[in-house]
Amino acid sequence: MSLTRADVQKIAHLARVAIREEDIPLYADNLSNILALVEQMEAVNTTGVAPLAHPLDAVQRLRPDAVGEVDQREQFQAIAPRTEDGLYLVPKVIE
Amino acid sequence: MQWEVVIGLEIHAQLATRSKIFSGASTAYGAEPNRQACAVDLGLPGVLPVLNAEAVAMAVKFGLAVNAEIAPRSVFARKNYFYPDLPKGYQISQYELPIVGKGRLRIDLEDGTGKEVGITRAHLEEDAGKSLHEDYHGLTGIDLNRAGTPLLEIVSEPDMRSAAEAVAYAKKMHSLVRYLEICDGNMQEGSFRCDANVSIRPKGQAALGTRAELKNINSFRFLERAILFEVERQIDVIEGGGEVVQETRLYDSAKNETRSMRSKEEANDYRYFPDPDLLPVEITAELLQSGRASLPELPDAKRERFGAEYGLSDYDAAVLTASRELADYFESVVANASDAKLAANWVMGDLSGALNKAGLDITASPVSADSLGGMLRRIADNTISGKIAKQVFEALWAGETDADAVIEAKGLVQITDSGAIEAVIDEILAANPSQIEQYRAGKTKMLGFFVGQVMKVTQGKANPGQVNEILKKRLDG
């Protein structure tokens, strides 16, 4: 499967990645190669094999429900570009 | 053309844990902005999520309560999208392997019939933060206190056929999560949120129509109105020769309308994939066992028991078991007063009326179950009449706690001495000869006049049964 220019632009948009016009053929090539590898793997018979959710053969450890964090707002906000009234300020998002 | 309405609901219930689903920050509502947003919630580099055991236990409890399959192994996935109140750029949710599978919920309809609604799945996920669009110099303010609050998203099958059925389902689910004590159900604070998938199709057609997803509904009343509006809108679109487009629409309660929120070309493309930061969650036999052991008596079972044990009508039993708190209150009253029907009448009548008027919940009732039960005991043993009891109730509502003390202090004890009642009656009969004539001439309604006179003289304290009986004997005899 070969990705088109439009596919690459869509993927870049979804990931909010700015790409240069002249690099698109290169990305299309590289991404298509990855998909080719996937196609190759799809040829393997996996009947009866459970999908792998995680490479580690372990299960999730659970944490007791207790509040362990202290308020560090001032520290966190010291590195934020802009704050006011305890809020992080960001460019307006229009829906 | 006759149209059939098809509705499925997605309910987001905030789980009542102390800490967040993947961090140790507090979930308490109402804190100053960002005081409860820790490094994990902010998605700072290098942090890792660690799953809250209680959130898992609550999801299991829910699954058991709706007779669902609990997945022995479930997986967290990343749902990728960009929005400022989602700092990581993805929401940790569950996709292919949710913790709760297919289940069902029985709902009760207005006409007294019931219906079973299928539950497709319920999965755990984290909530996002809040965007404040008020004017911050043309910028948006972000509060991440809510980010990471555990949610259980409960998805129904498209089994509902009217706005009323959707409301009945939402109310039943609301009651259930509160019975289970896994969610406080506060719709104003957003602890229990409802999205409705609404479509229409010609009656008799099997294929589903294109649906619109309605969001921003924060009360049962708005749920009903939003659906009613949307159904009319879709009928107008189709009958006008148009096509319904699949989209998200926001309900505006001020204007009572739904508005398109995202355009079609921005169709959801969340690129889910298993979250490498989290391992599969295993539900062990022990966890299932303790989940089963922690299940309270559920609404349907309680309602059935109230009918059988207390001899209540199905309607009364349904009203009294609508919330666990009301049911508990009622049972405490009965424990004090023993007469279940009398207790049901007072709890559903005067008490509920007064609570509604004052805008109070049963848990904030100024009249305790003990006090009310004490008063009902005095009605049952004929110390006071039901009518006088209203005065006692008012005193209890105003802050008195002991019905006996109120009855004593106000001299409200019922007159049951037939000699005393006869004396009053004789006096009244002697003073009203013309009314007696009217009565004897066939105007039997005059009985009410005499009863009224007796009650006036005795300040309502004469036993009504005895008054009626003696009066009739005198007048007819």
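Q: Two strands count as paired when DSSP finds at least two bridges between them; over how many bridges do strand β4 and β5 of chain B pair?
A: The model you are looking at is predicted. In it, strand β4 spans residues 76-80 of chain B, and B:Ala77 stands opposite B:Ser93 in β5(B). The two strands run in the antiparallel sense, and the number of bridges between them is five.

Q: In the open sheet with the order β5-β4-β15 of chain B, which strands stand at the edges?
A: This open sheet has three strands, and their pairing is antiparallel. An edge strand has a single partner strand, so one side of it is left without a neighbour in the sheet. The strands that fit this description are β5 (90-94) and β15 (273-274) of chain B.

Q: What is the order of the open sheet of four strands?
A: Start from strand β2 of chain A, which covers residues 83-84 and pairs with β3(A) over two bridges. Next, four bridges join β3(A) to strand β9 of chain B, residues 139-143. Four bridges also join β8(B) to β9(B). The pairing is antiparallel, and the order is β2(A)-β3(A)-β9(B)-β8(B).

Q: Which strands are the edge strands of that four-stranded sheet?
A: Follow the order β2(A)-β3(A)-β9(B)-β8(B). An edge strand here pairs on one side only. The two edge strands are β2 of chain A and β8 of chain B.

Q: Which residue of β9(B) stands opposite A:Val90?
A: Here you can look at the place where the two chains share a sheet. Strand β3(A) and strand β9 of chain B run antiparallel and are joined by four bridges. Opposite A:Val90 in β9(B) stands B:Thr140.

Q: Which residue of β9(B) stands opposite B:Leu132?
A: Strand β9(B) also has a partner within chain B: four bridges join β8(B) to β9(B), and these strands run antiparallel. Across from B:Leu132, the residue in β9(B) is B:Gly141.

Q: How many of the five residues of strand β3 of chain A are buried?
A: A residue counts as buried when its relative accessible area is under 20%. Strand β3 of chain A takes in residues 87-91 and is mostly covered. Of its five residues, the number buried is four.

Q: Which residue takes a positive phi in the hairpin of β2(A) and β3(A)?
A: One bridge of this hairpin has A:Thr83 facing A:Tyr88 in β3(A). Two residues lie between the strands of the hairpin. The residue with a positive phi, near 50°, is A:Asp85.

Q: Where in chain B is B:His137 placed?
A: This residue is worth a look for its backbone: its phi is near 50°, a positive value in a residue other than glycine. As for its place, B:His137 is in the loop between β8 (130-136) and β9 of chain B.

Q: Is B:Asn382 buried, partly exposed or exposed?
A: B:Asn382 lies in the loop between α10 (369-380) and α11 (386-397) of chain B, and it has a positive phi of about 70° although it is not a glycine. Buried means under 20% and exposed means over 50%. The relative accessible area of B:Asn382 is 41%, so B:Asn382 is partly exposed.

Q: Which residue, found in helix α2 of chain A, has 46% relative accessibility?
A: Helix α2 of chain A covers residues 24-42. A nonpolar surface patch of about 370 Å² is made by A:Ile34, A:Leu37, A:Val38 and A:Met41. The residue that counts as partly exposed at 46% is A:Leu37.

Q: Which element gives the most to the lining of the second largest pocket?
A: This pocket has a volume of about 1,400 Å³ and is lined by 41 residues, with B:Lys171 and B:Ala318 among those nearest its centre. Elements that give two or more residues include β6 (103-108), α3 (163-179) and α9 (340-358) of chain B. With nine residues, the element giving the most is α3(B).

Q: Over how many bridges do β1(B) and β11(B) pair?
A: Strand β11 of chain B covers residues 192-202 and is mostly covered, with nine of its 11 residues buried. It pairs with strand β12 over four bridges, and B:Gly8 stands opposite B:Asn197 in β11(B). For β1(B) and β11(B), which pair in the antiparallel sense, the number of bridges is 11.

Terms used: Residues are numbered from 1 along each chain as its sequence is written. Chains are lettered from A and ligands numbered from 1 in the order in which they are written. This is a predicted model: local features need pLDDT of at least 70, side-chain atom pairs count only at pLDDT 80 or more; totals for chains, interfaces and linings use all residues. Side-chain values use heavy atoms; hydrogens and water are left out. Patches are made of residues with over 30% relative accessible area and no salt bridge: like charges are joined within 9 Å, nonpolar side chains (Val, Leu, Ile, Met, Phe, Trp, Tyr) within 5 Å. Accessible areas come from the Shrake-Rupley method with a 1.4 Å probe; for residues, only the protein chains shown count as cover. A salt bridge is a side-chain nitrogen of Lys or Arg within 4 Å of a carboxyl oxygen of Asp or Glu. Buried means under 20% relative accessible area, exposed over 50%, partly exposed in between (1.4 Å probe, protein chains only). Two strands pair if DSSP finds at least two bridges between them. On a 1 Å grid over the protein atoms alone, a cavity is a set of points where a 1.4 Å probe fits but cannot get out, and a pocket is an open set with protein on both sides within 12 Å along at least five of seven lines; lining residues have an atom within 4 Å of a point. Grid points are joined across faces, edges and corners, and a volume is the space filled by probe spheres set on the points.
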